[in-house]
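This report covers salt bridges, helix packing and a few individual residues of one protein chain. The sequence and structure come first, and the description follows.

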Amino acid sequence: MSNATYLDFNATAPTRPEVIEAVADAMKSGGNASSVHGTGRAARAGVEQARGRVAALVGADVRGVIFTGSGTEANNQALRRTGRVRLLVSAIEHESVIQARDDAELIPVGADGMVDLAALERMLDGDGGPALVSVMAANNETGIVQPVVEVARIAHARGALVHCDAVQAAGKLPVDMATLGVDFLALSAHKIGGPQGVGALVCRDPALLGRLVHGGGQEAGLRAGTENVPGIVGFGVAADSALRGLGGFADLADLRDGLEARMRAEANKIVVIGGDVARLPNTAKVATPGLAADLQVMGLDLAGIAISAGSACSAGRVEMPYVLSAMGVPEDIALSAVRISLGWTTTADDVDAFIGAWSELRRRGSGPAVAQ
Ligand code: PLP
């Protein structure tokens with residue numbers, strides 16, 4: 001990570017040293033996990049050990065873990081290959097869920113950022129055929145935790161299947177597939193300190209799933225293509241470390257809360273999005289009205305600090321971030337909101353560095369519109 005202070009774990013986490021070692025070892029060993037000779041069998045053993053570790057991270061049956069090329073692919077496969085006529089997804093899902101099918105119906109969220117359960121019930125009670133409902137475990141922008149247990153109860157009572165994108169929640173909160181009661185769970189290695197370009201779709205019953213990528217019998221016939229053995233091995237090691245590190249990750253809430261309190265002490269008009277509902281312990285989504293999010297991101301980058309803004313610039317115009325838009329957040333707040341996401345490398349010094357640089361930026365950018 002080239003920024004001295006890396007506070008963008010929700011974008012990608014630094015690769016854990018033990019993962020780098022395991023990936024390098026797997027690359028040195030080589031082998032195709034489908035080959036019958038010794039080298040192939042050793043590669044297969046690495047893949048199966050990783051499958052067990054990923055299953056353990058989310059309390060799943062090892063036979064339900066299908067390795068994919070990303071969290072995006074896992075979401076696409078679940079949403080496009082379960083043969084359900086209707087697809088209902090919450091309005092704050094990641095693009096890989098929202099855009100997986102053109103005919104997805106959006107379940108609204110409330111001003112608190114949580115999916116509207118009454119609206120879900122109404123939508124499912126309407127006619128339209130067998131449905132798949134997709135609601136994420138925790139949102140990538142705000143960290144707001146979604147009521148997935150209730151979603152699954154409502155959906156199953158109406159004959160629908162349930163998919164949950166747990167890419168951000170896994171390794172940050174305890175995630176247990178049986179407790180959540182979902183049929184499919186999507187994971188991504190790089191959000192938990194594993195390599196980029198590896199994900200998993202965890203299925204309660206793989207028979208409910210069809211293949212998205214054709215051309216080989218790998219992954220129980222559900223994901224063709226030679227397995228990315230080093231990536232999968234690295235994913236397994238990251239899953240193991242993430243599971244052991246859950247307690248420490250929960251403690252990040254203290255650092256995060258302290259950071260927000262210091263921002264508020266500097267500028268009492270800051271708005272903490274999702275500040276009064278359950279959030280991931282590492283995520284702060286904070287708006288400083290009058291100080292544009294992209295200016296904060298660029299200014300802090302110059303000071304060696306990596307954070308992100310949820311808004312994208314298109315054709316020279318900064319667009320409203322859709323997650324905040326779905327929550328009904330006013331434009332001046334949404335366009336000044338940045339995401340600061342902490343992780344296992346974050347220290348109190350990092351928080352000091354952020355506060356120092358952000359305060360300086362705010363003073364320099366100070367004008368009549370800046371929060372005081
Ligand atoms: N789902 C969520 C909630 C995410 O935050 C991301 C990545 O940002 C993804 C899915 C996609 O995962 P991947 O980067 O492995 O494609």
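In this predicted model, the side chains of Arg51 and Glu219 form a salt bridge, with an N to O distance of 2.8 Å. Arg51 belongs to helix H2 (residues 38-57), while Glu219 sits in the loop between strand S8 (199-203) and helix H8 (229-244), so the bridge ties together parts that are 168 residues apart in sequence. Both partners, Arg51 and Glu219, are buried.

**Salt bridges**

The count for the model comes to 20 salt bridges. Three of the pairs are described here, with their N to O distances in the table.

| Pair | N to O distance | Separation in sequence |
|---|---|---|
| Arg51 and Glu219 | 2.8 Å | 168 residues |
| Arg223 and Glu73 | 2.7 Å | 150 residues |
| Glu266 and Arg363 | 3.9 Å | 97 residues |

A salt bridge also joins the side chains of Arg223 and Glu73. This pair links distant parts of the chain: Arg223 is in the loop between S8 and H8, and Glu73 is in helix H3 (residues 71-80). Arg223 and Glu73 are both buried.

The salt bridge of Glu266 with Arg363 has an N to O distance of 3.9 Å. Glu266 is part of helix H9 (residues 246-266) and Arg363 is part of helix H13 (residues 348-364), another link between distant parts of the chain. Are these two partners buried or partly exposed? Glu266 has a relative accessibility of 28% and therefore counts as partly exposed. Arg363 is also partly exposed, because its relative accessible area is 49%.

Some salt bridges share partners, and in this way Arg44, Glu48, Arg51, Glu219 and Glu227 are joined into one network.

**The loop between S8 and H8**

Glu219, a member of that network, is located in the loop between S8 and H8. Its backbone has a positive phi of about 50°, although Glu219 is not a glycine. With a relative accessible area of 5%, Glu219 is buried.

Ala220 lies in the loop between S8 and H8 as well. The phi of Ala220 is near 55°, again a positive value in a residue other than glycine. Which class of accessibility does Ala220 fall into? Ala220 has a relative accessible area of 73% and is therefore exposed.

**Helix packing**

Two packed helices are described by the angle between their axes and the distance between the axes.

H9 and H13 pack at an angle of about 25°, and their axes are 10 Å apart. The angle is under 35 degrees, so H9 is roughly parallel to H13. H9 passes H13 in a right-handed crossing. On the H9 side, the contact is made by Leu255, Leu259, Arg262, Met263 and Glu266. On the H13 side, the residues are Ala348, Val351, Asp352, Phe354, Ile355, Trp358, Ser359, Arg362 and Arg363. By class, the contact of H9 with H13 divides into 8 nonpolar, 1 polar and 5 charged residues. Glu266 and Arg363, which take part in this contact, are also the partners of the salt bridge at 3.9 Å.

Helix H5 (residues 117-125) and helix H6 (residues 148-157) pack at an angle of about 20°, with a distance of 10 Å between their axes. H5 and H6 are therefore roughly parallel to each other. The crossing of H5 past H6 is right-handed. Leu117, Leu120, Glu121 and Leu124 in H5 meet Glu150, Val151, Ile154 and Ala155 in H6. The contact of H5 with H6 has 6 nonpolar, no polar and 2 charged residues.

**Other positions**

Ser188 is placed in strand S7 (residues 184-188). Its relative accessibility is 6%, so Ser188 counts as buried. Which residues does Ser188 touch, not counting those up to four places away in sequence? The contacts of Ser188 are with Gly71, Val167, Val198, Gly199 and Phe235.

Leu335 is found in the loop between helix H12 (331-334) and strand S15 (337-341). Leu335 is partly exposed, because its relative accessible area is 21%. The C-alpha atoms of Leu335 and Gly290 are separated by 8.9 Å, and the two residues are 45 residues apart along the chain.

Methods. Residues are numbered from 1 along each chain as its sequence is written. This is a predicted model: local features need pLDDT of at least 70, side-chain atom pairs count only at pLDDT 80 or more; totals for chains, interfaces and linings use all residues. Side-chain values use heavy atoms; hydrogens and water are left out. Axes are lines fitted to C-alpha atoms, for helices over the stretch in contact, and angles run from 0 to 180 degrees between N-to-C directions. Helices (H or I, at least four residues) and strands (E, at least two) are DSSP runs, numbered from the N terminus. Angles under 35 degrees count as roughly parallel, over 145 as roughly antiparallel, 65 to 115 as roughly perpendicular and the rest as oblique. A crossing is left-handed if the near helix is turned anticlockwise from the far one by less than a right angle, and right-handed if clockwise. Contact means heavy atoms within 4.5 Å. Ala, Val, Leu, Ile, Met, Phe, Trp, Tyr, Cys and Pro count as nonpolar, Asp, Glu, Lys and Arg as charged, and the others, Gly among them, as polar. A salt bridge is a side-chain nitrogen of Lys or Arg within 4 Å of a carboxyl oxygen of Asp or Glu. Buried means under 20% relative accessible area, exposed over 50%, partly exposed in between (1.4 Å probe, protein chains only).
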